[in-house]
Amino acid sequence: MDRETELLDKLLASKKYREMCPDTIRRIWAENRGRYKKLKDVDNATREALHGVSGAFLTDAEAAECAWAMHAWATGARTDAQLENILNKHASTRERLPLADMDALYARIFGITGKPDRILDLACGINPIYLGARGLKATGVDISGSAVKLVNSFGSTYGMPVRAVCADLLCPGAVPGERFDAALLFKVLPLLERQRAGAATVVMESVDAASLVVSFPTRTLGGRRVGMAGQYAAWMESHLPRGRQITASFEARNELFYILQRG
Ligand SMILES: C[S@@+](CC[C@H](N)C(=O)[O-])C[C@H]1O[C@@H](n2cnc3c(N)ncnc32)[C@H](O)[C@@H]1O
C-alpha cells in the first residue's frame with residue numbers, strides 16, 4: 001500500500017471521522033492534494049477542513065446523549081420536555097429552543113408556504129427529529145453519519161415518518177430527485193460556499209420543491225453579532241436561484257430566513 005492510501009485509510013477509519021460521509025473525506029483530500037506538496041500537510045489541512053464543515057455541530061458525546069434522550073422520549077410519555085432534551089444535543093437545533101419558539105417559527109413558515117405534506121431537509125443535522133415528532137414527513141440529507149443514524153433510528157426504531165441519507169451535497173446525486181412540497185436549507189448555504197464557490201446556487205437549483213426555506217445564522221457560534229445578517233441578506237438577494245423569487249424574509253432569534261418560491 002502506498003503512503004497516500006495508508007494516510008487516507010487511516011483518516012477514513014479514525015475515531016473522529018469514521019462516521020462522516022466517506023465521499024466528503026475523499027473530496028476534501030483530493031482538493032488539498034492539489035494545494036500541498038507534502039502528504040502530511042494534505043492530511044492536516046483535510047482534518048482541519050472536516051472539523052469546520054461538520055465536526056463542531058454534534059460531538060460523539062452529544063450523539064450518544066441524544067440517543068439516550070430519544071430512548072427516554074420513546075419509552076416515556078413523549079413530552080415536549082423530553083423532545084427538547086433530544087434537540088438540545090445539536091448546536092443548530094439547540095439555538096432554536098425552547099420548543100414553543102420552534103413551534104412558533106414553523107407556524108410562521110407554514111403560514112406562508114402552506115403546511116407541507118413532504119419535506120426535504122438538506123444538511124439536516126437532527127432537525128428531522130423535530131419535524132417527525134410534530135407529525136411531518138421528512139427526508140434529511142447530511143454528511144454527518146451520527147446525525148443521519150439518529151434521524152433514522154427515530155424513523156425506523158420509533159416509527160416516526162422521517163428518514164435520512166448520508167450524502168455530500170457537493171457530490172453528484174446527493175439531492176433526492178423526488179418532488180417535495182418544501183425544502184429546508186437551514187444554516188448551510190455559507191458552509192457550502194466555503195467548501196466550493198457557486199455550490200449553494202447549484203444545490204438550490206437542483207431541488208424540486210414548491211418552496212425553498214433558507215436560513216442564515218446572524219450570530220457566531222459564540223453568540224457574537226458581527227454584521228452577518230446584513231452580509232447574508234445582500235448575498236441572498238444577489239444569488240437568487242433561477243426561476244425563484246423571494247416571497248418573504250424575516251429574522252427569528254439568531255437566524256435570518258428567506259422563503260423562495262417559483263416566480
Ligand atoms: C449549521 S449545521 C445546520 C443543521 C440543520 N440544517 C439545522 O439548522 O438544524 C450544518 C450542517 O451541514 C452539514 N453539512 C456540511 N457540509 C455538507 C455537505 N457538503 N453536504 C451535506 N451536509 C453538509 C453538517 O454536517 C451540519 O449538520
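Let's start with a strand pair: β1, residues 118-122, runs parallel to β2, and 5 bridges join them. One of those pairings sets R118 opposite its bridge partner in β2, K137. How does the chain get from β1 to β2? It passes through helix α8, residues 127-133, and this β-α-β crossover is right-handed.

A word on the source. This is a predicted model. Please keep that in mind throughout.

Stay with β2, residues 137-142. Is this strand enclosed or open to the outside? 5 of its 6 residues are buried, so β2 is largely enclosed by the rest of the structure. On to its pairing with β3, residues 162-166. β2 and β3 are parallel too, with 5 bridges. Here T139 has R163 as its bridge partner in β3. The connection goes through helix α9, residues 145-156, and β2, α9 and β3 make a right-handed β-α-β unit.

Now step back to the whole sheet. Which strands form it, and in what order? There are 7 strands, and the order is β3-β2-β1-β4-β5-β7-β6. The sheet is open, and its pairing is mixed. At the edges sit β3 and β6, each pairing on one side only. On average, neighbouring strands are turned by 20° against each other, direction ignored.

Let's walk along that order to the other end. β4, residues 180-186, is parallel to β5, residues 209-217, and 6 bridges join them. Look for L184: its bridge partner in β5 is V213. Then the sense changes. β5 and β7 are antiparallel, with 7 bridges between them. P217 has E255 of β7 as its partner in that pairing.

Last in the row come β6 and β7. β6 covers residues 244-252, and β7 covers residues 255-262. These two run antiparallel, joined by 8 bridges. Two pairs are easy to find. A248 stands opposite I259, and I246 stands opposite L260.

β6 and β7 form a hairpin, with 2 residues between them. What is the phi of R253, in the turn? It is positive, about 50°, and R253 is a residue other than glycine. R253 is exposed, because 12 other C-beta atoms lie within 10 Å, and the cut-off for exposed is 12 or fewer.

Compare A123. Phi of A123 is also positive, near 55°, and again this is a residue other than glycine. A123 lies in the loop between β1 and α8. Buried or exposed? A123 is buried, because 26 other C-beta atoms lie within 10 Å, and 20 or more is what buried requires.

A123 brings us to the ligand. How many residues surround it? There are 23, and those that come nearest are S54, S92, A123, G125 and F186. Several elements give two or more residues to this shell: α3 at 39-55, α6, β2 and α10 at 189-195. The largest share comes from α10, with 3 residues. By type, the shell divides into 13 nonpolar, 7 polar and 3 charged residues.

α6 has loops worth a look on either side. Take K89, in the loop between α5, at 80-87, and α6, at 91-94. K89 is buried, since 25 other C-beta atoms lie within 10 Å. What does K89 touch, beyond its neighbours within four places in sequence? The contacts are L58, E62, E65, C66 and A69. K89 is also 7.0 Å from A63, C-alpha to C-alpha, with their positions 26 residues apart in sequence.

Go to the loop between α6 and α7, the helix at 99-113, and you find P98. The peptide bond from L97 to P98 is cis, with omega near 10°.

One more stop, in helix α12, residues 228-238. A233 lies there. A233 counts as partly exposed, because 16 C-beta neighbours fall inside 10 Å. How far is A233 from E205? They are 28 residues apart in sequence, and 19 Å apart in space, C-alpha to C-alpha.

To recap: one open sheet of 7 strands with mixed pairing, a β2 strand that is largely enclosed, and 23 residues around the ligand. Thanks for listening.

Key: Residues numbered from 1 in each chain as written. Predicted model: local features only at pLDDT ≥ 70, side-chain atom pairs only at ≥ 80, totals over all residues. Helix = DSSP H or I, 4+ residues; strand = E, 2+ residues; numbered from the N terminus. Pairing = 2+ DSSP bridges. Right-handed = clockwise from strand over helix to strand, strands pointing away. Contact = placed C-beta atoms within 7 Å. Near = placed C-beta within 6 Å. Nonpolar A, V, L, I, M, F, W, Y, C, P; charged D, E, K, R; others polar. Axes fitted to C-alpha atoms, helices over the stretch in contact; angles between N-to-C directions.
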